[in-house]
Amino acid sequence: MQQQSERATRVQASLLIAGQNLTITAPVVYRWADPVKGDQQQPVSAVPGITVNLANSMEYMRAGVPVERMVPVRIQSAYPHEAKVLVRLELPEGLKADSVERERVLPANGTDIVWFRVRGTVKEGQQQLVALAIHDGAMSTNSSYLIQYDHIAPMRLYGGSGMYLSAVNVRIPARARVGYIKGVGDTGYEALQQLDIPVEVIEPALLASMNLSRFTAIVVGPRAYEASEVLVKQNPRLLDFARAGGTLVVQYGAQNMNALPGITPYPLQWAPRAARVTMEQAPVTLLQSTHPLLTTPNKIGPADWTGWVQERATYMPSVIDRRYTPLLRMNDPDEPTNDGGLLVTSLGKGRYVYVTLALFRQWAAGVPGGARILANLVNSTPTPVAPKM
């Protein structure tokens with residue numbers, strides 16, 4: 001399932017010039033004149049006749065409990081005529097689809113989405129799901145994606161039609177209903193869906209009029225305040241939600257948080273070069289091992305810090321108001337310790353949680369500890385949410 005990138009199909013020509021052999025390798029491009037942009041070049045790429053793609057390369061799944069999931073399979077034809085295609089799924093042990101195969105007739109250069117309902121129970125660990133497309137007796141497990149923007153040369157990605165399932169032993173909070181404000185490069189909403197935790201996207205523009213009391217927790221994605229001025233303006237509503245009894249979880253912001261007084265309930269300050277822990281294997285010390293965020297509904301232990309990718313935490317505050325309770329301590333080798341990975345404070349009847357852990361990277365990679373920590377973060381406080389706001 002590893003993808004490879006190619007900008008264009010390349011050709012090689014051998015020339016004989018003045019008795020000397022010369023070999024030239026060059027991309028094949030289609031050139032045309034655009035009335036606005038001028039001379040344009042489109043790389044010509046070779047693609048299989050039928051390609052098959054899955055929506056994601058990695059998804060979480062709860063291990064040891066019955067699951068049900070809709071799996072979309074995108075098939076595309078490069079033929080200049082109709083093509084009859086059979087689509088199948090190869091599933092890990094414990095899962096079954098509602099149909100062995102689906103048949104579709106694609107028009108010339110056509111595409112379609114084929115849906116399978118998958119049910120069953122999987123064991124803990126990394127599993128693999130593969131989509132197959134069969135046309136004229138030939139099987140394809142190839143995927144192809146075109147990346148094309150005005151500011152970069154077009155690039156086609158080639159890969160397999162498989163997806164890893166990270167089957168995690170995770171307990172989900174009872175009666176949870178989460179509102180999610182998406183941040184930058186953020187897959188937290190999708191992770192919650194995959195873990196079967198009820199979740200709804202909240203658009204910042206709707207905060208002024210939305211009834212927030214139906215949520216037990218609201219999560220703000222990484223760098224969301226930097227990406228949305230409306231969210232900054234409506235932040236008092238989120239703090240009021242916590243004061244009324246909800247759990248407000250805010251993922252990391254960059255140094256621009258220094259310029260947003262009042263965005264956090266109590267002061268936090270970031271150095272010009274904000275602290276981070278870049279070593280994925282950096283030791284993590286639990287400062288409050290019995291705190292509910294580290295025990296309920298999942299007890300966070302050493303296994304939850306294994307397999308992390310790229311970094312532990314980023315944009316960690318250097319000055320932390322005493323009203324916050326730090327729960328974790330970590331540092332890179334030869335760097336001072338930092339207690340800003342996970343901070344929590346009581347706020348009215350609820351609580352406010354500030355997280356600089358690089359969870360967005362762990363969710364995209366299917367790291368089990370990332371899923372278990374996420375389930376704990378959105379666990380509601382003992383005090384029920386107050387009536388309608």
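Analyst: Let's start with a term. A residue is buried with under 20% relative accessible area, exposed with over 50%, and partly exposed in between. The model we're looking at is predicted.

User: Okay, so why is Gln310 called partly exposed?
Analyst: Its relative accessible area is 47%. That value sits between the 20% and 50% cut-offs, so Gln310 is partly exposed. You'll find Gln310 in the loop between H4 and E25.

User: What makes the phi of Gln310 worth a look?
Analyst: Phi is near 70° there, a positive value in a residue other than glycine. Most residues other than glycine have a negative phi. Asn109 is another case, with a positive phi of about 55° although it isn't a glycine. Asn109 belongs to the loop between strand E11 (101-106) and strand E12 (111-120).

User: Why does Asn109 count as exposed?
Analyst: Asn109 has a relative accessible area of 51%. Exposed means over 50%, so Asn109 makes the cut.

User: What is the peptide bond from Thr296 to Pro297 like, cis or trans?
Analyst: Cis, with omega near -5°. Most peptide bonds are trans. Pro297 lies in the loop between helix H4 (292-295) and strand E25 (313-316).

User: How do you know that Asp39 and Arg31 form a salt bridge?
Analyst: Their closest N and O atoms are 3.2 Å apart. The rule asks for a side-chain nitrogen of Lys or Arg within 4 Å of a carboxyl oxygen of Asp or Glu, so this pair passes. As for the surroundings, Asp39 is partly exposed at 48% relative accessibility, while Arg31 counts as exposed at 52%.

User: What makes Asp112 and Arg104 a salt bridge?
Analyst: Here the closest N and O atoms are 3.4 Å apart, so the pair is within the 4 Å limit. Both residues are partly exposed: Asp112 at 29% and Arg104 at 25%.

User: And how do you know that Glu190 and Lys182 meet in a salt bridge?
Analyst: The N to O distance is 2.7 Å, so it fits within 4 Å as well. Glu190 is partly exposed at 26%, and Lys182 is too, at 37%. Elsewhere, salt bridges that share partners join Glu68, Arg117 and Arg119 into one network. By this rule the count comes to 18 salt bridges.

User: Which residues make the nonpolar surface patch?
Analyst: Leu15, Ile17, Leu22 and Ile24 do, over about 320 Å². Strand E2 (10-17) and strand E3 (20-27) each give two or more residues to it.

User: What lets Ile17 qualify for a patch?
Analyst: Ile17 has 48% relative accessibility. A patch residue needs over 30%, so Ile17 passes on that count. It's placed in strand E2.

User: Why are strand E19 (199-201) and strand E27 (325-326) said to stand at the edges?
Analyst: Each has a single partner strand, so one side of each is left without a neighbour in the sheet. The sheet is open, with seven strands in the order E19-E18-E20-E21-E30-E29-E27 and mixed pairing.

User: How do you know that E27 pairs with strand E29 (residues 342-347)?
Analyst: Pairing takes at least two bridges, and two bridges join these strands, so they pair. They run antiparallel. In E29, Leu343 is the bridge partner of Pro326. Helix H6 (residues 368-377) packs on the sheet, touching strand E21 (247-251), E29 and strand E30 (350-355). The direction of H6 makes about 150° with that of E30.

Key
Residues are numbered from 1 along each chain as its sequence is written. This is a predicted model: local features need pLDDT of at least 70, side-chain atom pairs count only at pLDDT 80 or more; totals for chains, interfaces and linings use all residues. Side-chain values use heavy atoms; hydrogens and water are left out. Patches are made of residues with over 30% relative accessible area and no salt bridge: like charges are joined within 9 Å, nonpolar side chains (Val, Leu, Ile, Met, Phe, Trp, Tyr) within 5 Å. Accessible areas come from the Shrake-Rupley method with a 1.4 Å probe; for residues, only the protein chains shown count as cover. Helices (H or I, at least four residues) and strands (E, at least two) are DSSP runs, numbered from the N terminus. Buried means under 20% relative accessible area, exposed over 50%, partly exposed in between (1.4 Å probe, protein chains only). Contact means heavy atoms within 4.5 Å. Axes are lines fitted to C-alpha atoms, for helices over the stretch in contact, and angles run from 0 to 180 degrees between N-to-C directions.
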